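These are my notebook entries on a single chain, written while I went through its contacts one topic at a time. I begin with the aromatic rings and then turn to charges, helices and the sheet.

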Amino acid sequence: MTLQDDSTAYLAWPSGATQQRLRWHSEAGNAPPKRVQEADDQIPADTAYKLACEGTGLLWRGDFQNARLLLQALGRRVDRARERAQAKSRDKPAADTPAQAFHHHRQMQAQRARILGMLLIPLEAGFSIPLRRAPDVQAACQEAYGADLAGTAFAVSLRELQGLIGAHEWRKKGVEIGALGGRIHPYYGVFSPVRGEYVDLVAQAPLPSTTLAFDIGVGTGVLSAVLARRGVRKVVATDMDARALDCARENLQALGVLGQVELQQTDLFPPGRAPLIVCNPPWLPARPSSPIEHAVYDPDSRMLLGFLNGLAQHLEPQGEGWLIMSDFAEHLGLRAPGMLADAIAAAGLEVVARHDIKPRHGKAADREDPLFAARSKETTSLWRLRARA
């Protein structure tokens, strides 16, 4: 059973003769399972899989490492069910368009996430896990959840908790950025610059000025850092996400360029004009299924069109706007081939030049990837734009 107390959700379930209650939290914004029962090391994987498919949350009371093994077993069962469905579909004529294949792929991902998200882990105040052989997750939880949840007990999905732990390790290790000769350390929920080709485009395009630049959607701060290292004396960087601004501040400080960057929490443009305005919006015009996906999906191309339509009035005369975009959406059939050029013209802009680069990430060459046909054709571009005279 799920209980709602103002804006806080709770899990409720029978335990012996009593009714138990525990706060629920999901960084992805997922609703709590409507039904919950306790589970431990004795539950067979097939039983757990059946319950999870039916929407029953399994609040784990056994050994933590056995919970991890059960999650892997659930994943294998989900994958086998998907493979059986795919085998049946191979007997039918191929009718999926690239867009249909994309939406089907996302549906499968969402279904997998929903089923695996039914295995739940309790956390006590202070982010400790009251289970045998449980790891110390205090630092990972503190980074993702902050102080608001530190003083209360709550439950999360094991799948999300593993994501937090992985993000914590990425944050410690960082991502090597060749153009910076250093590392960027992404926070949980902030888009990581693992696709370095777009960073290289910004590092190599000719600068129209080194006096001032705006960085719209700063994220980890990687592009602001590149501009500062290239000699831009002041960068005004914006983002709506407070977590992204904190992440950018820490990275810029570590790279020694924070003194050149002013961070502002605002939507799109800061006040004033600049001779260079850079934006790397989400590349896919689809609806995110969780808050964390906002860095990848841009519903109705809101950020893209907002940047283009506001660019002319924020550029200094002869200034340039740099739009970093992939054409992956076009190859998926999510965006019409001429849409971007039409939007640029409709915003009163013209193209000064375009610099292209092919992706280098592993999926671009992975023929087993369901979206390989589109990925193999992808090009990432830096569009240099200016206001039409």
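**Entry 1: aromatic pairs**

How many aromatic pairs does a search of the whole structure find? I was working on a predicted model, and the search returned five aromatic pairs. I looked up the rings of F102 and Y297 and found their centres 6.4 Å apart with the planes at 55 degrees, so I entered the pair as tilted. Because F102 lies in helix α3 (residues 98-116) and Y297 in the loop between β13 and α9, the pair ties together parts that are 195 residues apart in sequence. I also checked burial, and both F102 and Y297 came out as buried.

I then turned to Y145 and F154, where the ring centres are 5.5 Å apart and the planes stand at 85 degrees, so this pair is edge-to-face. Y145 is buried and F154 is buried as well. With F127 added, Y145 and F154 make up one aromatic cluster.

**Entry 2: salt bridges**

I next listed the charged contacts, keeping in mind that side chains of opposite charge can pair when their charged atoms come close. The structure holds 21 salt bridges, and I followed a few of them residue by residue.

R195 appears with two partners in my list. Its side chain meets that of E197 in a salt bridge with an N to O distance of 2.7 Å, and R195 also forms a salt bridge with E378, where the closest N and O atoms are 3.0 Å apart. The pair of R195 and E378 links distant parts of the chain, since R195 sits in the loop between β9 (182-184) and α6 (197-204), while E378 sits in the loop between α12 (372-375) and β16, 183 residues away.

Are these three residues buried or exposed? R195 has a relative accessibility of 13%, which is under the 20% cut-off, so I count R195 as buried. E197 is buried at 1%, and E378 is buried at 0%.

I also looked up R335 and E330, whose side chains meet in a salt bridge at 3.8 Å from N to O, and here too both residues are buried. Elsewhere, salt bridges that share partners join D79, R82 and R112 into one network.

**Entry 3: two helices, side by side in my notes**

For the helices I asked which residues are buried and where they point, recalling that an α-helix has 3.6 residues a turn, so residues three or four places apart point the same way.

In helix α1 (residues 45-53), the buried residues include A45, A48, Y49, L51 and A52. They cover an arc of only 165 degrees around the axis, which puts them on the same side of α1. D46 and K50 are exposed, and they are carried by the face of α1 turned away from its buried side. After α1 comes G55, for which I noted a positive phi near 95 degrees.

In helix α11 (residues 339-346), I found L340, A343 and I344 to be the buried residues. Their arc around the axis is only 100 degrees, which places them on the same side of α11. The face turned away from that buried side carries the exposed residues D342 and A346. I then asked what the buried residues of α11 pack against, and found α9, β14, β15 and β16. G348 follows α11, and its phi is positive, near 75 degrees.

**Entry 4: the sheet and the helix across it**

Several of those packing partners led me to the sheet, which is open and has seven strands in the order β12-β11-β10-β13-β14-β16-β15, with mixed pairing. β12 (261-265) and β15 (349-357) stand at the edges with a single partner strand each, so one side of each has no neighbour in the sheet. From one strand to the next, the twist averages 20 degrees.

Within the sheet I looked up the contact of β13 (residues 274-279) with β14 (residues 315-326): the two strands run parallel and are joined by five bridges. L276 stands opposite E320 in β14.

Finally, I traced helix α9 (residues 302-311), which lies across β10 (213-216), β13, β14, β15 and β16 (380-387), and runs at about 165 degrees to β14.

Definitions and conventions. Residues numbered from 1 in each chain as written. Predicted model: local features only at pLDDT ≥ 70, side-chain atom pairs only at ≥ 80, totals over all residues. Heavy atoms only, no water. Pairing = 2+ DSSP bridges. Helix = DSSP H or I, 4+ residues; strand = E, 2+ residues; numbered from the N terminus. Axes fitted to C-alpha atoms, helices over the stretch in contact; angles between N-to-C directions. Contact = heavy atoms within 4.5 Å. Salt bridge = Lys/Arg side-chain N within 4 Å of Asp/Glu carboxyl O. Buried < 20%, exposed > 50% of the residue type's maximum accessible area, 1.4 Å probe, protein only. Arc of directions from axis to C-beta. Phe/Tyr/Trp six-rings, centres within 6.5 Å; stacked < 30°, edge-to-face > 60°.
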